[in-house]
Number of protein chains: 2
Amino acid sequence: MKKYIGRQTVKFANPPSVLAAASVVGPKEGEGPLCDFFDVVSPDVLFGMESWEMAESEMVRRTAALAVQKAGLHMEDIRYMLAGDLLSHNSGSNFGMRSFGRPFFGLYGACSAMGKGLGLGAMLVDGGYAEYVLASASSHFCGAEKTFRFPLELGTQRPPTAGWTVTGCGTVVLAAQGNGPYITAATTGVIVDMGITDANNMGAAMAPAAVDVLINHFKDLNVGPSHYDAIITGDLGFIGRDLLLALMDDAGYDLHKNLGDCGMLIYDRAGQDVHAGGSGCGCSAAVFAGYLLDRMKKREINRLLFVPTGALHSVATVQQGETMPAIAHAVVIENK
Amino acid sequence: MKKYIGRQTVKFANPPSVLAAASVVGPKEGEGPLCDFFDVVSPDVLFGMESWEMAESEMVRRTAALAVQKAGLHMEDIRYMLAGDLLSHNSGSNFGMRSFGRPFFGLYGACSAMGKGLGLGAMLVDGGYAEYVLASASSHFCGAEKTFRFPLELGTQRPPTAGWTVTGCGTVVLAAQGNGPYITAATTGVIVDMGITDANNMGAAMAPAAVDVLINHFKDLNVGPSHYDAIITGDLGFIGRDLLLALMDDAGYDLHKNLGDCGMLIYDRAGQDVHAGGSGCGCSAAVFAGYLLDRMKKREINRLLFVPTGALHSVATVQQGETMPAIAHAVVIENK
């Protein structure tokens with residue numbers, strides 16, 4: 001049966017249910033406005049480990065175990081684990097999931113990882129390949145700074161356009177049966193490269209990718225922005241959000257009423273010195289798993305368009321003067 | 001409809017057809033015994049570019065364009081592109097595919113990438129989410145050495161257990177309709193970590209992962225090794241292959257008659273100074289797209305079990321003394 005529609009969207013015949021979700025974050029995220037929505041706020045940014053890489057892996061492991069526990073399942077019930085992060089060679093996910101012994105697909109889409117995991121995971125469940133799928137995305141401020149920017153010890157000054165990588169992990173368990181909310185459609189993004197070369201301005205690199213996937217989503221499903229109670233992008237931050245609104249205005253879509261961004265939600269901009277806002281795979285993942293699903297359960301949001309965004313550069317490509325390709329994926333989550 | 005069986009296998013209700021495949025390799029691979037099977041042997045290891053990273057991206061771009069052309073399609077016909085490589089943050093795939101404007105899922109499974117792409121890609125086609133899916137995997141010797149080992153300019157001596165990363169890309173177009181060969185089943189691997197810490201002995205790290213997926217594949221489908229004309233692992237090389245045979249003997253499975261390994265096939269061990277054999281995502285991808293599919297078309301192999309293997313360490317985790325997790329995925333390809 002053909003389940004695809006338009007240019008890049010699928011509609012699910014048997015919409016997978018979000019059975020459970022878990023979020024684990026670091027201390028700075030615990031000082032932010034969404035503190036009460038996270039399952040665990042670790043006071044220790046090292047999560048008891050000896051390196052940033054192993055700290056992120058431990059956070060991934062704990063979040064996955066908690067999500068499965070909250071779903072009332074055992075790890076052996078999980079048919080596939082999909083996981084992505086920001087460390088080199090996906091090591092946060094690979095090391096975090098290595099003890100579970102479940103079939104594993106590592107994903108790389110930078111900060112769009114949770115969008116990929118939800119979209120692909122929903123296809124695996126809806127398609128009959130799994131009863132339960134786990135999707136995880138994570139990032140760690142210290143590991144990301146070390147990887148992409150400067151050693152923390154240098155205390156390098158950050159430009160105002162830079163985001164603050166979230167130390168956090170969000171994990172979702174999707175199921176063939178459940179009481180919702182349900183993943184009803186997914187629009188997979190294309191790579192968009194508008195020539196941005198400033199790795200400290202990822203909002204500018206990612207906004208055009210979000211615009212592209214939003215416009216194609218609206219066209220494919222023949223709906224407009226007002227179809228959704230909320231449209232929440234991943235980690236565009238304050239600068240990327242303004243660019244998105246302007247570009248969507250130009251394209252004839254008014255998102256001023258219902259657009260939000262996880263990178264703007266997770267920190268108190270004035271009080272937490274985060275410049276352009278939160279970023280990292282863990283930003284949209286933890287905000288989705290913690291805050292957004294809670295609002296859906298309380299029926300404050302009944303139809304959500306969730307749009308994680310990612311910048312697909314590496315350290316080497318930036319140093320070589322290459323531009324930054326970006327991608328965004330749109331996932332529809334609905335209450336019945 | 002439930003399509004999963006046993007612990008970690010799926011059987012396809014409508015087996016996707018391998019519509020076309022393309023392989024592009026570097027000069028050293030062109031001097032090897034499989035030379036005549038590759039579509040393009042580039043005399044220039046830089047592929048006309050100025051860095052190893054952009055060289056790999058250009059190789060990825062050319063191979064994808066060629067595969068779509070050989071399939072008699074246009075790039076717009078491709079519903080999803082799945083691609084993985086060995087560079088940091090998947091940049092070979094991200095930059096290689098950025099010009100095509102097609103929905104994109106970046107995968108990370110190190111050298112198991114082609115196994116992931118074929119397995120997931122077949123699910124997307126069989127599940128009704130796509131008519132055509134493209135799966136790509138690539139690696140570049142110089143980019144991989146720079147990333148994982150030492151700058152080439154140092155001329156560092158290589159231990160005999162080390163593999164030689166293949167400069168190559170293999171790309172496959174899967175289709176809902178076609179004349180085969182067909183992808184009939186896929187067993188997704190779990191992460192296996194047997195405590196190997198020597199990044200110059202990846203065969204030893206990966207062999208236990210291949211053993212695990214093979215045994216579970218045989219159990220899930222209730223078949224034995226003799227069910228297949230050939231069982232071809234990804235890049236275990238000479239040392240990993242011997243370990244695999246010994247471990248499978250211990251487990252009661254005789255693979256001596258029909259086991260092969262892409263890393264042993266692609267180079268002339270005596271004449272090309274490759275120590276333990278070929279490795280890298282591009283090794284199994286190019287050997288599959290070039291050589292193995294040709295043997296299937298000539299009906300020299302009618303039932304193939306293809307088992308790409310990957311080591312999931314990063315530079316940071318190795319430097320921190322961590323062990324190397326590994327994974328392998330098994331895909332069944334059959335002529336009618």
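This section describes the relation between the two chains, the cysteines, and the surroundings of two residues of chain B in a predicted model.

Two copies of a chain are related by a rotation about an axis and a shift along it. In the present model, a turn of 180 degrees, with a shift of 0.0 Å along the axis, lays chain B on chain A with an RMSD of 0.0 Å. This is the relation of a two-fold axis. The contact residues follow the same pattern: 100% of those of chain B recur in chain A, so that the same surface serves both copies.

One residue with contacts in both chains is B:Lys3, which lies in the segment before strand 1 (4-5) of chain B. The relative accessibility of B:Lys3 is 11%, and the residue therefore counts as buried. Its side chain is joined to that of A:Tyr129 by a polar contact of 3.5 Å. In chain A, B:Lys3 touches A:Gly127 and A:Gly128 as well as A:Tyr129. Within chain B, and leaving aside residues up to four places away in sequence, B:Lys3 touches B:Thr9, B:Val10, B:Lys11, B:Ala13, B:Asp126 and B:Gly127.

The loop between strand 6 (104-106) and helix 4 (113-126) of chain B contains B:Ser112. B:Ser112 is buried, its relative accessible area being 0%. When residues up to four places away in sequence are not counted, B:Ser112 touches B:Pro308, B:Thr309, B:Gly310, B:Ile327 and B:His329. By contrast, B:Gln177, 65 residues from B:Ser112 in sequence, is 26 Å from B:Ser112 in space, C-alpha to C-alpha.

The cysteines were examined for covalent links. A disulfide is a covalent bond between the sulfur atoms of two cysteines. Over all chains, a search of the whole structure finds zero disulfides. In chain A, the cysteine sulfur closest to that of A:Cys283 belongs to A:Cys262 and is 5.5 Å away; because a disulfide requires sulfur atoms within 2.5 Å, this is too far for a bond. A:Cys283 is buried, with a relative accessible area of 0%. In chain B, the sulfur of B:Cys169 has its closest cysteine sulfur in B:Cys281, at 9.8 Å, which is also too far for a bond. B:Cys169 likewise counts as buried, at 0% relative accessibility.

Note on methods
Residues are numbered from 1 along each chain as its sequence is written. Chains are lettered from A and ligands numbered from 1 in the order in which they are written. This is a predicted model: local features need pLDDT of at least 70, side-chain atom pairs count only at pLDDT 80 or more; totals for chains, interfaces and linings use all residues. Side-chain values use heavy atoms; hydrogens and water are left out. Buried means under 20% relative accessible area, exposed over 50%, partly exposed in between (1.4 Å probe, protein chains only). Helices (H or I, at least four residues) and strands (E, at least two) are DSSP runs, numbered from the N terminus. Contact means heavy atoms within 4.5 Å. Copies are superposed by least squares on the C-alpha atoms of residues with pLDDT of at least 70 in both. A polar contact is a pair of N or O atoms within 3.5 Å; within protein, one must be able to donate a hydrogen and the other to accept it, and residues adjacent in sequence count only if both atoms are side-chain atoms.
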